[in-house]
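Here's a small set of exercises to work through with the structure open in your viewer. Try each task yourself before you read its solution.

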Amino acid sequence: MTVKQLQEKLELTFLCGEEIAENREAEGCYCGDLLSWVMSRASENDVWLTVMGNINSIGVAVLADVACIVLTENASLDEDAKKRALENDVIILTTSKNSYQIASEISKLI
Amino acid sequence: MELLSLHYEVSGTDFTCAGEASGKIKKNLKELGFPTNIVRNVAIAVYEGEINMVIHGGGGVIDVEISPDCISIVLADQGPGIPDVSLAMQEGYSTAPDNVRQLGFGAGMGLPNIKKYTDEMIIETEVGKGTTIKLKVFVN
């Protein structure tokens, strides 16, 4: 399933990267806010659910090659993080739901 | 035969720059055609090293030598050193301050992650002088 299809099904809102979401495959899901933990355990093409919207999250997303970041519970995205995400083709979405709710919905789709 | 040598300086105060060296190394290794898992392992190890330099080391330097069968990395800082290396190598042990934890770091995973993603890891450290970590990732 592509990130675009996932966004439509889960009614997520794009913060950046909408134009590349049709070409990015999402194959799994990982939840976590401790960046080193996520970096070592998230798999390539995972949808990463987190409340961490700082610039270091973008570094982790790039290195771990996740499909996208979903900021849950309307967690904020820092301006410098958004800039870095745009530079590095990182797709970021947001939702008011919590990570458990989104993960359980993703598990029915992927 | 050595393919490429890379050198980076890491700022001791700026978290926003952490990830630049690892990002560039990742790009270089990809362009040279190294397998995806090797690229990821090297990038993660270097990123953890960069973060450690910002949190603890007051900045430092990263040198990478890329050859077809081995990627050698040297992470060097002139920070406070590590008083107890075996303790620092334990997952979950951290001396990071609260402001660093609020950014999502300081989980006590840095050095264990570096070890996990490399084939050789040598830590040379002296309290009050600094720390040098020598790493090797073998391609085959």
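**Exercise 1. Find what the buried residues of H5(A) pack against, then work out how they sit on the helix.**

Solution. Step one: the buried residues of H5(A) pack against H1, strand E2 (28-31), E3 and E4 of chain A. Helices (H or I, at least four residues) and strands (E, at least two) are DSSP runs, numbered from the N terminus. Before going on, note that this is a predicted model, where local features need pLDDT of at least 70 and side-chain atom pairs count only at pLDDT 80 or more, while totals for chains, interfaces and linings use all residues. Residues are numbered from 1 along each chain as its sequence is written, and chains are lettered from A and ligands numbered from 1 in the order in which they are written.

Step two: list the buried residues of H5(A), namely A:Ser99, A:Ile102 and A:Ile106. Buried means that 20 or more other C-beta atoms lie within 10 Å of the residue's own, exposed means 12 or fewer, and partly exposed is in between, with C-beta atoms placed from the backbone.

Step three: these buried residues cover an arc of only 70° around the axis, which puts them on the same side of H5(A). The arc is that of the directions from the helix axis to the C-beta atoms. An α-helix has 3.6 residues a turn, so residues three or four places apart point the same way.

Step four: turn to the opposite face of H5(A), away from the buried side, and you'll meet exposed A:Tyr100, A:Ser104, A:Ser107 and A:Lys108.

**Exercise 2. Do the same job for helix H1 (residues 3-10) of chain A.**

Solution. First, pick out the buried residues of H1(A): A:Val3, A:Leu6 and A:Gln7. Down the axis of H1(A), they fall within an arc of 100°, so they line one face of the helix. Next, check the partners: strands E1 (13-16), E3 (46-50), E4 (68-71) and E5 (92-94), plus helix H5 (99-109), all of chain A. Finally, look just past the end of H1(A), where A:Glu11 takes a positive phi of about 55°.

**Exercise 3. Which residues touch the most other members of the largest nonpolar core?**

Solution. A nonpolar core is a set of buried Ala, Val, Leu, Ile, Met, Phe, Trp, Tyr and Cys residues joined through C-beta atoms within 7 Å. The largest one has 70 residues, and the best-connected members are A:Val47, A:Cys68 and A:Val70. Its largest share, eleven residues, comes from helix H2 (residues 36-57) of chain B. Now zoom in on A:Val47: skipping residues up to four places away in sequence, A:Val47 touches A:Leu6, A:Ala26, A:Cys29, A:Ala67, A:Cys68, A:Val70 and A:Ile106. Contact here means C-beta atoms, placed from the backbone, within 7 Å.

**Exercise 4. How many residues does each chain bring to the contact?**

Solution. Start with the count: 20 residues from chain B and 17 residues from chain A. On the chain B side, helix H1 (20-31), H2 and H5 each give two or more residues, and H2(B) gives the most, with five residues. Sorted by class, that side has nine nonpolar, seven polar and four charged residues. For the classes, Ala, Val, Leu, Ile, Met, Phe, Trp, Tyr, Cys and Pro count as nonpolar, Asp, Glu, Lys and Arg as charged, and the others, Gly among them, as polar.

**Exercise 5. Trace the hairpin in chain B and place B:Asp119.**

Solution. Strands E4 (residues 120-126) and E5 (residues 130-138) of chain B pair in the antiparallel sense over seven bridges; pairing needs at least two bridges found by DSSP. B:Glu126 stands opposite B:Gly130 in E5(B). Three residues lie between the strands of this hairpin, and B:Gly128 in the turn has a positive phi of about 90°.

Then step back to B:Asp119, in the loop between helix H5 (110-116) and E4 of chain B. B:Asp119 is partly exposed, with 13 other C-beta atoms within 10 Å. Leaving aside neighbours within four places in sequence, B:Asp119 is in contact with B:Lys136, B:Val137 and B:Phe138.

Conventions. Contact = placed C-beta atoms within 7 Å.
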